[in-house]
Structure formats: structure tokens, C-alpha cells
Amino acid sequence: MDFANTRLTWLLAAIVIAVFSLFSPAQAEPPPGYKFVRYDEGLRQAKADNRQVFVYFGRYGCGFCDKTNKVGFADPAVKAAYSRHYILVYVNSESMDRLTLPSGERITEMQLGERLNTLGTPVFFFLQPDGAQILKAYGYQGPEKLLEMDQFVQNGQYASTGKHQPAP
Amino acid sequence: MIRRLPVAAACVLAWATAAADRNLLTVATNDNPADFFQLESSGRKNIAADNARVGLVWEETRSGRSTSYLAFKAAGDQATFGKPLTLGSDDAFNPVIASCGGLFYVGWIEEDSVHVTIYNGEQPGRVVQPVSGPINELTIGCMGDSALLAWSRRAGNGYAVEAGAVQAVKGELTYTAPVAIASTDTYHFQTNPGVAYAKGRIIVTWHDRSGGTNLLYATSGTSLDKLDKQVQVNELIRKSYEWGSGSSAVRNALAVGENQRLIAVWLDKRASRAGYKVYSAFSNDGGISWGDNYNIIDEWGTIVPQWTPAVASNGQKGATVVWMDAREDNNSIWSAQLHGMTWGPNTSLSGDAEDTHSPVIACSPDGTVHVAWIEKDNGGSRIRYLSERN
């Protein structure tokens with residue numbers, strides 16, 4: 001195969017991928033470089049792999065989501081810890097895309113926010129593999145706070161608080 | 001000789017007055033904890049009424065699949081809802097209904113396509129599919145005795161809103177070709193459409209977040225093939241000039257009020273720490289221009305978020321908005337009445353029920369207000385219906 005043609009093909013492919021990634025709803029809101037999945041997919045994975053879940057409930061345009069992405073999640077230590085410890089779930093709080101809950105109920109992502117009575121965004125949830133809630137945090141989270149919450153969950157400190165809540 | 005002028009039937013609730021004639025019914029009951037009711041559609045068009053009948057459409061999900069249903073009730077307090085009729089044959093969701101010129105048009109999404117039929121009595125007409133493709137949301141409105149439909153579909157990695165008209169001719173449905181309401185080159189995430197007809201113009205409202213946050217737009221024109229450029233309806237409030245893109249507007253619903261004035265309501269994120277508030281705007285020229293935004297939520301409701309606003313008017317005096325919030329701890333249905341250009345105080349509709357949500361509303365030409373919602377408690381869930389004739 002002609003080398004110049006191969007290079008041109010790869011270049012065109014890279015441009016197409018770059019253009020599509022700009023418009024991708026899946027990549028527009030969670031911090032870049034993290035492997036976030038849908039809520040229903042994440043809960044299924046967590047149960048199958050017996051892993052804890054980190055849920056990021058965000059809104060497109062939300063200032064504190066933007067700041068958490070660019071300051072908190074940009075920290076390499078945060079990225080390493082969260083990618084290693086959790087199934088990462090992102091919920092677009094204004095989306096009308098439908099999710100299927102473990103109960104079999106089908107609701108929109110926005111309805112999930114209504115169920116959780118989210119006052120605003122961002123809201124972060126740490127869940128057990130069965131979906132039970134461990135910890136909930138509102139608003140901007142810097143790298144120190146994100147690492148502190150990770151330690152709290154990973155050390156099992158939450159078990160002594162008795163604040164387990166049922167899954168949404 | 002004194003000549004009496006005809007009095008316009010107002011589409012408002014008068015719960016506190018003795019003149020109000022209220023009627024509360026259970027439409028459907030579900031004792032199986034694995035089955036779930038849904039009253040969900042774009043623009044919240046799950047209920048419609050003429051002076052003789054009211055029709056309600058809803059969805060039940062079990063094991064991740066949906067079945068949509070329709071039930072009718074004759075006007076009058078003595079009547080109850082008839083046996084639910086199943087819509088479609090497969091996974092059918094987002095059912096919508098409109099009463100246009102004496103016919104009930106019913107639509108839903110099934111196999112990624114829009115399905116529509118008419119009900120004249122209990123019998124459905126032939127089902128037509130005006131559009132196929134990965135359809136995500138559907139709404140409906142009236143244009144004389146025709147129905148207007150608008151939907152959002154997957155378009156590449158985003159969404160596009162399209163609209164079309166459906167008309168019953170000698171009992172058979174005919175439909176127009178779908179029309180895009182805005183360029184997907186500029187607006188990549190067009191969602192949550194509403195549709196109405198006023199002042200000789202078709203109006204489609206929709207949201208798009210391509211500018212960095214969800215904004216509410218209206219596209220209008222004298223016909224679907226003569227749509228003007230969209231205008232922005234909501235006021236964008238920048239909360240920070242360093243982070244984010246500002247307040248968002250989502251989940252709009254539309255009604256046509258007195259003198260064919262358009263009433264748009266939506267959830268607005270401009271409040272700092274208390275979630276969404278219900279805001280409104282009016283258009284007196286068929287959607288060409290929109291006025292200031294007005295907050296519908298009174299001071300008692302400012303501390304909690306509001307959800308799922310729906311609005312109805314019979315085109316005469318007044319209009320009523322309903323939504324859900326938990327200002328008194330339990331999820332409850334709340335309402336506000338429009339008097340002229342002013343929204344009245346917020347009034348609870350669902351009383352002491354443990355958990356009520358997902359309200360929908362319609363208004364008959366005679367001024368009867370029809371509201372339905374979902375009620376949940378340890379005994380299961382049910383769809384409740386309430387009407388009031390002033």
C-alpha cells in the first residue's frame with residue numbers, strides 16, 4: 001500500500017474522530033480521561049464484578065461541575081484512585097434518555113434526579129456493589145476532598161456511621 | 001332591557017370556593033412492586049378532553065419493557081374510567097393524546113418509530129407511522145381538527161427535533177413529510193419539543209445545549225415549510241464568568257390561552273441553591289417574539305426544587321400550571337392559576353398522600369379542569385384523576 005495514502009487515511013480518520021468527539025454527549029460532560037458509563041450499565045457491571053460505584057450527577061453548563069472537572073478530577077492522584085477503585089457512572093441530570101433500574105422500572109436520567117431530590121449539581125454518590133448508598137456529597141469538590149472521600153470509602157469508615165441508605 | 005353577555009369558561013381551579021365541583025377518582029391500580037406506572041411525554045401531553053369525554057394515556061414498565069394504555073371517561077361526576085385499551089403491540093412508550101375538532105388523536109413511540117391513530121368512540125382507527133428512526137421523545141398539539149406532532153430523534157451523536165401534521169380524512173389518517181425545525185449544524189442537541197398553533201402560526205418549542213447550557217427556543221411559521229429562524233425564550237443568567245455556562249432551561253410545556261396567547265412554562269436553573277424553579281413566558285404574536293420570564297413559584301416553594309411542570313388552558317380565560325415539589329416534606333402536586341398576566345399563589349392538590357408525582361393537566365372547552373398524577377405508598381401505586389368544574 002502506498003505510504004502517503006496510508007498516512008492520509010490515518011489523518012482523515014483522526015480528524016473525523018476529533019470532530020465527532022466534540023459533539024459526543026457521552027464525552028462532553030464528565031471529566032476527560034475517565035471511563036464513565038451510564039447508570040444502568042454501571043450498576044450491572046458493579047454487581048457482576050463486585051465493585052463499588054461512584055456516581056457523578058452533573059449538568060451541562062453547571063459552573064461547579066466545570067470547576068470540579070478542571071481542578072478536582074484533573075489531579076493525577078484522583079484519576080488513579082477513582083479509576084482503580086470504582087465503576088464510574090455519569091448521569092446527565094437534564095437528559096431525557098431512558099435508564100432501566102435494577103427493579104425493571106424504566107425512567108429518564110432527569111427522573112432519577114427527581115427521585116434523588118437533587119437540589120443542584122454536581123452531586124456525587126458512592127454506592128455499594130448492590131447499589132446501596134454509602135456517601136453523598138454536594139457541590140464543588142477539590143482534589144483533597146475527592147481523595148478524602150475515597151479514603152473514607154476504601155477504609156470502610158462508613159460502616160461505623162450506620163448511614164447506609166437504600167439504592168435509588 | 002339588560003342583555004347578558006356570554007361568560008367565558010375559565011380554565012382555573014377554585015378549590016377554596018363552594019362553587020367548585022370536585023371529583024377524585026382512581027384510574028388504575030398496581031399492587032405488584034415489580035410493575036411501574038409512568039405519566040411521561042414531551043410537553044406532558046398525557047391527558048386531553050372535550051366537553052363529552054376525557055382521555056388519559058400512560059405507560060407501565062416491567063422488566064425494562066413498556067406497555068402504553070389509553071382510558072376514556074365520560075364527562076360528569078358519576079362516570080368512571082373505562083377498561084384500559086392497549087396501544088401498540090410491542091415495547092410502546094411516551095404516549096400522547098390531544099382532542100382536536102371532536103377527535104382524539106393518540107400517539108406513542110414503538111420500534112423507534114412514531115405511531116399515531118384516532119379514536120372515535122372506543123375503537124381505534126388505522127395506525128400510521130409518519131416517521132421512522134431512532135425517536136426519543138414525542139409531543140402533540142392541535143391545529144383546528146388536525147394534530148401537530150413534534151419529536152426528537154437521534155442524529156449522529158446528538159439529537160434533532162422534527163415536526164409534522166396528521167389529519168383525519170373520512171376516518172383515515174394522512175400525514176405530512178417531517179420538517180426539521182432548526183439546523184443540526186448549529187444546534188446539535190435539540191430535545192424536549194412542545195408544539196402548538198396560535199394566531200395562524202405553528203409553534204415548536206425545544207431545548208438545545210450547544211451554546212454550553214440548555215436554552216429554550218421557539219421556531220414558528222405560517223406552515224411547516226415556512227418556518228422562521230428560532231428565537232430564544234428563556235433569559236440566560238450567568239452565575240460565574242470563570243466556570244460553566246450559566247443557568248439552564250429544560251422540560252418546557254405549552255398551552256394556548258386567552259386571545260390565542262401562547263403560554264410556555266419550564267424548569268429554570270437560575271436559582272442559586274434550591275434546584276429548578278418553574279418559570280413562564282408569553283407570546284402574543286404566535287411565537288415570533290416572547291416577553292419577560294416570570295417565576296411561578298411563591299416564597300414557600302423557593303427552598304425546594306420543582307419538577308415536571310405541565311400547563312393547560314381552554315383558550316378562554318385563565319390557565320393552570322401543575323408540578324411536583326416537596327416543600328411540605330412529602331412529594332405533592334402543586335398548582336398555580338393565571339389571572340391576566342399574573343400567577344396566583346401555589347396551591348396543593350394531592351392533600352396528605354404519602355408520595356405523589358408526575359402531574360398532567362388538560363382543560364375542556366367548558367372550563368372543566370382535568371388533572372392526573374401517580375400516587376405511591378406501601379400498598380403499591382395508582383393513577384389518580386381529579387376534575388373540577390367551575
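In this predicted model, strand 25 of chain B, which covers residues 306-312, has 7 of its 7 residues buried, so this strand is largely enclosed by the rest of the structure. Strand 25 of chain B pairs with strand 26 of chain B, residues 319-328, in the antiparallel sense and over 5 bridges, and within this pairing B:A310 stands opposite B:V322. The two strands form a hairpin with 6 residues between them, and in the turn B:G315 has a positive phi of about 80°.

Strands of a sheet pair through backbone hydrogen bonds, either parallel or antiparallel. Chain A offers another antiparallel pair, and the table sets the two pairs side by side.

| Strand pair | Sense | Bridges | Residues opposite each other |
|---|---|---|---|
| Strand 25 and strand 26, chain B | antiparallel | 5 bridges | B:A310 and B:V322 |
| Strand 6 and strand 7, chain A | antiparallel | 5 bridges | A:V123 and A:Y138 |

The hairpin in chain B also leads to the nonpolar interior. The largest nonpolar core has 116 residues, and B:V311 and B:I361 are among those with the most contacts inside it, together with B:Y105, B:L148, B:L149 and B:V195. Strand 14 of chain B, residues 158-169, gives this core its largest share, which is 7 residues. Leaving aside residues up to four places away in sequence, B:I361 touches several residues, including B:A310, B:V311 and B:A312 as well as B:T320 and B:V322. A second, separate core of 26 residues includes A:A46, A:Y90, A:V91 and A:L146. In soluble globular proteins, nonpolar side chains tend to be buried together.

Turning to chain A, one finds 7 helices and 7 strands, and buried residues make up 36% of its 168 residues. Five of the strands form an open sheet in the order 1-3-2-6-7, with mixed pairing. Strand 1 (36-37) and strand 7 (133-138) of chain A stand at the edges, each with a single partner strand, so one side of each is left without a neighbour in the sheet. Helix 7 of chain A, residues 143-154, lies across strand 2, strand 6 and strand 7 of chain A, and it runs at about 170° to strand 7. Among the contacts in chain A between residues at least 6 apart in sequence, 70% join residues at least 24 apart.

Technical notes. Residues are numbered from 1 along each chain as its sequence is written. Chains are lettered from A and ligands numbered from 1 in the order in which they are written. Two strands pair if DSSP finds at least two bridges between them. Helices (H or I, at least four residues) and strands (E, at least two) are DSSP runs, numbered from the N terminus. Two residues are in contact if their C-beta atoms, placed from the backbone, lie within 7 Å. Axes are lines fitted to C-alpha atoms, for helices over the stretch in contact, and angles run from 0 to 180 degrees between N-to-C directions. A residue is buried if 20 or more other C-beta atoms lie within 10 Å of its own, exposed if 12 or fewer, and partly exposed in between; C-beta atoms are placed from the backbone. A nonpolar core is a set of buried Ala, Val, Leu, Ile, Met, Phe, Trp, Tyr and Cys residues joined through C-beta atoms within 7 Å.
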